[in-house]
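Q: I have a new structure open in front of me, and I would like to learn how to read it. Could you walk me through it step by step?

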Amino acid sequence: MEALTKTHSVTLYNDDKLPFDYVIACLVIHCGHSMCQAEQCALQVHHNGKCNIVSGEFMEMLELKGKLDLLNLKTELNSYESNLRG
């Protein structure tokens, strides 16, 4: 059986304060989302209260979380086990 690889994700939470277009722009600029992907994430956050917006290695996700926090986006760094490699 293949060993599990630990990966991390950043979850974005709805704060009911920041403009929708601002959140979309942050996702495009800092997360590398397409405009369509950013809009879908923003809609999911708006309707469900949260959305996993990006995943990757710990240090990369920690740095991204720090940038998003400085932009007043409410985020959380999560770890999970995955057997997917990528």
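**Reading the fold, feature by feature**

A: Happily! The chain has 3 helices and 3 strands. Please keep in mind that this is a predicted model.

Q: Which pattern does the chain follow along the sequence?
A: Reading along the sequence, you meet β-α-α-β-α-β. Contacts add to that picture: among those between residues at least 6 apart in sequence, 70% join residues at least 24 apart.

Q: How do I read burial, and what share of the residues counts as buried?
A: Look at relative accessible area: under 20% is buried, over 50% is exposed, and partly exposed is in between. Of the 86 residues in this chain, 31% count as buried.

Q: Which residues have the most contacts inside the largest nonpolar core?
A: A core like this is built from buried nonpolar residues joined through their side chains. Here the largest one has 18 residues, and Leu-12, Leu-27, Ile-53 and Leu-68 have the most contacts inside it. Two or more residues come from each of strand S1 (5-13), helix H1 (20-31), helix H2 (35-48), strand S2 (50-56) and H3. H1 gives the most, with 5 residues.

Q: Let me zoom in on Leu-12. Is Leu-12 buried or exposed?
A: Leu-12 counts as buried because its relative accessibility is 2%, below the 20% cut-off. You will find Leu-12 in strand S1.

Q: What does Leu-12 touch, leaving out residues up to four places away in sequence?
A: Its partners include Val-23, Leu-27, Val-45, Ile-53 and Leu-73. Gly-49, Lys-50, Cys-51, Lys-74 and Thr-75 are also among the residues that Leu-12 touches. Take Gly-49 as an example: Leu-12 and Gly-49 are 37 residues apart along the chain, yet their C-alpha atoms are separated by 8.4 Å.

Q: Now for charges. How many salt bridges does the structure hold?
A: To spot one, look for a side-chain nitrogen of Lys or Arg within 4 Å of a carboxyl oxygen of Asp or Glu. This structure holds 2 salt bridges. In one of them, the side chains of Glu-63 and Lys-67 meet, at 3.8 Å from N to O. Asp-69 forms a salt bridge with Lys-65, and there the closest N and O atoms are 2.6 Å apart.

Q: Where do Glu-63 and Lys-67 sit in helix H3?
A: They are 4 residues apart in helix H3 (residues 58-70), so about one helical turn separates them. Asp-69 and Lys-65 are likewise 4 residues apart in helix H3, with about one helical turn between them.

Q: Is each of these partners buried or exposed?
A: Let's take each pair in turn. Glu-63 is exposed, at 53% relative accessible area, while Lys-67 is partly exposed, at 41%. In the other pair, Asp-69 is partly exposed, at 32%, whereas Lys-65 is buried, at 18%.

Q: One last feature: pockets. What is the volume of the second largest pocket, and which residues lie nearest its centre?
A: Rolling a probe the size of a water molecule over the atoms shows where empty space is left. The second largest pocket has a volume of about 200 Å³. It is lined by 15 residues, and Asn-14, Asp-15, Leu-18, Val-23 and Val-45 lie nearest its centre. S1, H1 and H2 each give two or more residues to the lining of the second largest pocket, and H2 gives the most, with 3 residues. By class, this lining has 9 nonpolar, 2 polar and 4 charged residues.

How values were computed:
Residues are numbered from 1 along each chain as its sequence is written. This is a predicted model: local features need pLDDT of at least 70, side-chain atom pairs count only at pLDDT 80 or more; totals for chains, interfaces and linings use all residues. Side-chain values use heavy atoms; hydrogens and water are left out. Buried means under 20% relative accessible area, exposed over 50%, partly exposed in between (1.4 Å probe, protein chains only). A nonpolar core is a set of buried Ala, Val, Leu, Ile, Met, Phe, Trp, Tyr and Cys residues joined through side-chain atoms within 4.5 Å. Contact means heavy atoms within 4.5 Å. On a 1 Å grid over the protein atoms alone, a cavity is a set of points where a 1.4 Å probe fits but cannot get out, and a pocket is an open set with protein on both sides within 12 Å along at least five of seven lines; lining residues have an atom within 4 Å of a point. Grid points are joined across faces, edges and corners, and a volume is the space filled by probe spheres set on the points. Ala, Val, Leu, Ile, Met, Phe, Trp, Tyr, Cys and Pro count as nonpolar, Asp, Glu, Lys and Arg as charged, and the others, Gly among them, as polar.
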